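Reader: I am in my first year and still learning to read structures. Please take one part of this one, the pairing of aromatic rings, and look at it closely. Then show me how it fits into the rest.

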Amino acid sequence: MSGLRTVCYGIPRDPAAVGEARRVTRDTLTGWGLPPAFVDDAVLVVGELVANATVYGEEPIRLSLWGMAQGVCVRVTDHGSGAPRMLDLGEDASHGRGLAIVEALADRWGVVPLSTNSEGKTVWAAWEVSRSGVAIGCADPIPALGLHERVDRRL
């Protein structure tokens, strides 16, 4: 993959949107020619991040997929006031493992507040596709690379 590719989707605050977010992520990353095992991990991470945003966040909710030569970044933005947190759960817990899954599958992940004048945050996860040693700047508004493809859609 050369240059920068981005696809952004508006997500309704409806837990049923998680399945559609997974589908568009799989279709997009497969279309970018990424390996199936990587795509599977990214789809699972997107599902967890979108599920958190639709349950705990506020609209507007946005899913952004970023592909560049160094790697891939997924970002989910919502305007809710709460900050995501990892829970200390027992073995029998039936929910609450989303961020632990993200941490296990992504090379890096984090949370960035939207601004000092607005509630909300972006939760991002990144993977190095090429082992170039160049860190992927998912927390930056737009990576400092040339724009190759950008598509905005609503789920």
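Author: A search of the whole structure, which is a predicted model, turns up one aromatic pair. Its partners are F38 and W127: the ring centres lie 5.3 Å apart and the planes stand at 90°, so the pair is edge-to-face. An angle over 60 degrees is what earns that label. F38 sits in helix α2 and W127 in strand β5, 89 residues apart, and the pair thus links distant parts of the chain.

Next, the surroundings of the two rings. F38 has a relative accessible area of 14% and is buried. W127, at 3% relative accessibility, counts as buried too. The cut-off behind both statements is a relative accessible area under 20%.

Both residues also belong to the largest nonpolar core, which has 31 residues. F38 and W127 are among those with the most contacts inside this core, along with I11, L29, L49, L63 and V74. Two or more residues each come from β1 (4–11), α1 (17–31), α2 (36–56), β2 (61–68), β3 (71–78), α3 (98–105) and β5 (118–128). Helix α2 gives the largest share, nine residues.

L63 shows what such a position looks like in detail. Leaving aside residues up to four places away in sequence, L63 touches V7, C8, Y9, I11, A21, V24, T25, V46, R75 and V76. Apart from the largest core lies another core, of six residues, including L4, W66, M68 and A126.

For contrast, take a residue in a loop. P12 has its place between β1 and α1. With 24% relative accessibility, P12 counts as partly exposed, because the buried class ends at 20% and the exposed class begins over 50%. P12 and E59 are 47 residues apart in sequence, yet 7.2 Å separates their C-alpha atoms in space.

Last, how far the model can be trusted. The protein chain averages a pLDDT of 80, and 73% of the residues score at least 70. Confidence is highest in α1, at 95, and lowest in strand β6 (residues 147–154), at a mean of 44. Over residues 141–152 pLDDT stays under 50, and for this stretch the model has 30 contacts beyond four places in sequence. Where pLDDT is low, predicted coordinates should not be read in detail.

Note on methods. Residues are numbered from 1 along each chain as its sequence is written. This is a predicted model: local features need pLDDT of at least 70, side-chain atom pairs count only at pLDDT 80 or more; totals for chains, interfaces and linings use all residues. Side-chain values use heavy atoms; hydrogens and water are left out. A nonpolar core is a set of buried Ala, Val, Leu, Ile, Met, Phe, Trp, Tyr and Cys residues joined through side-chain atoms within 4.5 Å. Buried means under 20% relative accessible area, exposed over 50%, partly exposed in between (1.4 Å probe, protein chains only). Helices (H or I, at least four residues) and strands (E, at least two) are DSSP runs, numbered from the N terminus. Contact means heavy atoms within 4.5 Å. Rings of Phe, Tyr and Trp (its six-membered ring) pair if their centres lie within 6.5 Å; planes under 30 degrees apart count as stacked, over 60 as edge-to-face and the rest as tilted. pLDDT is the predictor's confidence in each residue, from 0 to 100.
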